[in-house]
Amino acid sequence: MTSQEILSLTDRYIMHTYGRFPVAIDHGKGATLYDPEGNAYIDFTSGIGVSDLGYGNHAWADAIARQAQRLGHASNLFCTEPPARLAEILCKRTGMSCVFFANGGGEANEGLIKLARKYSFDRYGKGRSAIVTLNNSFHGRTITTLTATGQEVFHNYFFPFTEGFRYADANDLSALEAQGDDVCAVLMELVQGEGGVLPLDRDYVHAVAKLCAERDWLLLIDEVQTGVGRTGSLFAFQQYGIAPDAVSFAKGIAGGLPMSGILANEKCRDVLGPGTHATTFGGNPVCAAAGLVVQETLTDAFLEDVQAKGTYLRNQIEALKLPCFGATRGLGLMIGIEVKDGYTNKAIANRLIENGLLVLTAGPGMRLLPPLVISKKEMDQGLEIMAKVLG
Ligand SMILES: *Cc1c(COP(=O)(O)O)cnc(C)c1O
């Protein structure tokens with residue numbers, strides 16, 4: 001099919017829930033994608049932080065093919081090797097105690113919320129179920145995770161929303177200290193992704209961890225976007241130097257197949273017992289086999305390189321001194337760029353994409369989430385397009 005045919009078929013038969021760019025993607029190699037006509041696009045998006053190994057990775061494709069030929073699904077009534085091995089690796093690399101596997105980020109965050117409410121119910125009974133999240137956060141699109149999302153624009157149409165959520169400003173400890181004794185948990189991203197690539201202050205995060213420990217609130221970290229190497233450590237909480245009670249992950253975990261989950265510490269290990277939480281596809285062996293290849297790739301040396309690439313890209317972007325861009329921020333290969341007054345991020349994204357560079361927006365700024373394997377040559381090609389189009 002031609003790009004035009006794919007776009008019209010999509011428009012006719014797929015629900016119009018996405019503001020899509022008029023581009024059809026056919027295949028890719030490394031961090032470069034191609035449309036059906038063979039036009040190349042340098043990818044600074046990795047499909048919103050998912051394709052961390054880029055495209056056309058043979059080890060990843062082979063592991064998927066081999067596992068698909070052995071066994072595609074067995075249900076969670078039985079045990080299979082790939083998710084068991086992946087869970088062991090994730091626990092050993094993070095110091096967490098156990099994993100629950102699910103399928104998407106919103107679903108993983110639902111798991112965090114259920115874990116916190118059940119933990120509190122078991123210890124304190126009813127009436128201690130409120131969860132505090134931060135303004136500007138993003139936690140998903142289910143009714144409950146939309147409620148958890150601290151942005152008023154999302155709290156519309158789908159009434160009634162779930163009870164028991166409160167919102168506090170990021171980096172304001174007193175807003176959390178002021179909360180009453182009906183709270184059971186704090187849920188936050190360490191770098192707010194959709195909100196505009198806003199890293200939380202380190203001191204604030206440590207103070208929140210201390211407050212949670214004092215009040216026996218669970219500290220829940222949403223690492224759906226920051227997790228799996230994106231910020232230059234396996235999880236962002238590791239470089240912040242905190243020990244959360246539970247952490248969600250999703251986007252990059254299987255390098256492009258749908259998979260998510262939560263990691264919980266020893267204290268939370270047996271909170272969700274048999275019959276309290278489940279999902280049919282969770283821990284699918286094909287997705288887990290893909291996840292194992294991601295873990296093999298993300299060695300400590302590889303993660304250091306992610307830091308170095310992030311620094312390089314940010315320095316080069318700032319050195320271009322483009323009239324539309326202000327300062328950059330972020331961690332590792334999760335990069336935000338401020339857009340100056342008089343310019344709009346959507347218009348900038350459109351122009352870059354038309355000219356062969358895929359980028360994302362977040363909040364009022366730009367957001368870059370390149371595949372973690374992106375080469376220097378591909379970064380330079382992307383920068384060249386930026387300079388030419390926006391200079
Ligand atoms: C993308 C994202 C989600 C939602 O994940 P889905 O897989 O789309 O359900 C939740 N939290 C954060 C921080 C995200 O970036």
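**View 1. Phe249 faces Gly261 of strand β12 in this predicted model.** The two strands concerned are β11, spanning residues 246-249, and β12, spanning residues 260-264. They run antiparallel and are joined by four bridges.

**View 2. An open sheet is built from seven strands.** The order of the strands is β4-β12-β11-β10-β7-β5-β6, and their pairing is mixed. Strands β4 (98-102) and β6 (165-168) occupy the edges. Each of these two has a single partner strand, so one side of each is left without a neighbour in the sheet. On average, neighbouring strands of this sheet are turned by 20° against each other, direction ignored. In general, the strands of a sheet pair through backbone hydrogen bonds, either parallel or antiparallel.

**View 3. Helix α4 lies across strands β4, β11 and β12.** The helix comprises residues 81-94. Its direction is at about 130° to that of the edge strand β4. In the order of the sheet, β4 is followed by β12 and then by β11.

**View 4. Ser137 is located in the loop between strand β5 and helix α6.** Strand β5 covers residues 130-134, and helix α6 covers residues 143-148. The relative accessibility of Ser137 is 1%; because buried means under 20%, this residue counts as buried.

**View 5. The side chains of Ser137 and His139 are joined by a polar contact.** The length of this polar contact is 3.5 Å. When neighbours within four places in sequence are left aside, Ser137 is in contact with Ala148, Thr149, Gly150, Gln151, Glu189 and Gln192.

Definitions and conventions. Residues numbered from 1 in each chain as written. Predicted model: local features only at pLDDT ≥ 70, side-chain atom pairs only at ≥ 80, totals over all residues. Heavy atoms only, no water. Pairing = 2+ DSSP bridges. Axes fitted to C-alpha atoms, helices over the stretch in contact; angles between N-to-C directions. Contact = heavy atoms within 4.5 Å. Buried < 20%, exposed > 50% of the residue type's maximum accessible area, 1.4 Å probe, protein only. Polar contact = N/O pair within 3.5 Å; in protein donor to acceptor, adjacent residues only side chain to side chain.
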